[in-house]
Amino acid sequence: QSKHVQITFADAATRKKHQLNEFERVSHDSARDRQVLPIFCKGEPIRGTVSFPTVTNVLTHDGILLQMRGTALITYDSPDRLDFMKTEQVLVPAGGSITALRRSIDFEIEPPAFEHESYAGTYCQLRYYVRVIVQRKQLIATNYTHDEEIWVELTNDEEQATHHQSLQEQHHVQEGAAASRAASAENPNASVRMQVGIEDLIHIEFEFAKTKYSLGDVVLGQIYFILC
C-alpha cells in the first residue's frame, strides 16, 4: 500500500458496512488491516475520489490507472491466488501532472459484473478491491499502488426481505413435511423441508425456498426448533 495515494468512496459515511468477525480477519492475508468494509451490491456503480496527500509541488507520472479487481485466495495445500475479474480505465493519461493545487480526482466505475459474493472461508477467500496505479516507469521510479477493499453482496436488503416474506407465507400454507413432499412432486424446484433431532427431546426443522440452486443463487431459508 502506497502512502502517496488514498481512495475515498463518495458515500462512505452513509453506506452500509460489513463488520469483519475475528475469523474473517484472521483467515485473510496480512494485507487486510481493516475491520469494516463498505458493502456494494450487484448493479451499483462505484464512485469516489483518488487523492494524493503527500504532493507538495508536482507529481509527474506515465499515466494513472483505475482497476476493479476480484481475487480468489486458495490457502489449502499449496497457497495460490487467482484473479477472476479485472476491469481497467485510464484515470489520467500519460503526461499529466498532479499538483498541490489539484491533488484529488473523482472517479466512477460502471456497475461491475459481479458473479460471486465476497467470502471468507478456511481454505478459500473471495475479495474485491479498487486499485489505483500511478505508473512511473519512464521516470525509472517505483509505481505507486493502492488498494481499497469492498464487500460484495449480490442481493440487497429489499430483495432479502421479499424472499423472507415468501418463506413465511409458504410456512403458513403448508401443513408439515408431507404437504411439502407432495408439492415437490408437482414442482421439481418447490420449497423443501428436512428434519433432524433427538427423539422425545428436540427436533430441528430446516426449510429452504427451493430444491435446486445455481452457483449465482443465494441460499435462503428458515430453521425451526421444536421442543418435544
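Two strands count as paired here if DSSP finds at least two bridges between them. Keep that criterion in mind while stepping through this predicted model.

**Strands β4 and β9**

Select residues 46-51, which make up strand β4, together with β9, residues 104-109. Six bridges join β4 to β9, and the two run antiparallel. For one of the bridge pairs, pick threonine 49: its partner in β9 is aspartate 106.

**The sheet around them**

Now add β1, residues 6-9. The selection shows an open sheet of three strands in the order β1-β4-β9, with antiparallel pairing. Which strands stand at the edges? They are β1 and β9; each has a single partner strand, so one side of each is left without a neighbour in the sheet. Viewed with direction ignored, neighbouring strands of this sheet are turned by 30 degrees against each other on average. When showing side chains, bear in mind that in a regular strand they alternate between the two faces of the sheet.

**Serine 118**

Follow the chain past β9 into the loop that leads to β10 (119-120), and select serine 118 there. Is this residue buried or exposed? Serine 118 counts as buried, because its relative accessibility is 9% and the cut-off for buried is under 20%.

Next, display what surrounds serine 118. Apart from neighbours within four places in sequence, serine 118 is in contact with Leu126, Tyr128, Ile150, Trp151 and Val152. Draw a distance to valine 152: its backbone nitrogen lies 2.8 Å from a polar atom of the serine 118 side chain.

**The β13-β14 hairpin**

Move on to residues 192-198 (β13) and 202-208 (β14). These strands pair in the antiparallel sense over seven bridges. Methionine 194 stands opposite phenylalanine 206, the latter in β14. The two strands form a hairpin with three residues between them. Select aspartate 200 in the turn and check its backbone torsions: phi is positive, at about 65 degrees.

**The whole chain**

Finally, zoom out and colour by secondary structure. The chain has three helices and 15 strands. With a colouring by accessibility, 35% of the 228 residues count as buried. A surface representation covers about 13,900 Å² of exposed area, of which carbon and sulfur atoms supply 53%. For a contact map, consider the contacts with a separation of 6 or more: residues 24 or more positions apart account for 63% of them.

How values were computed
Residues numbered from 1 in each chain as written. Predicted model: local features only at pLDDT ≥ 70, side-chain atom pairs only at ≥ 80, totals over all residues. Heavy atoms only, no water. Helix = DSSP H or I, 4+ residues; strand = E, 2+ residues; numbered from the N terminus. Axes fitted to C-alpha atoms, helices over the stretch in contact; angles between N-to-C directions. Buried < 20%, exposed > 50% of the residue type's maximum accessible area, 1.4 Å probe, protein only. Contact = heavy atoms within 4.5 Å. Areas by Shrake-Rupley, 256 points an atom, 1.4 Å probe, with all protein chains shown as cover. Polar contact = N/O pair within 3.5 Å; in protein donor to acceptor, adjacent residues only side chain to side chain.
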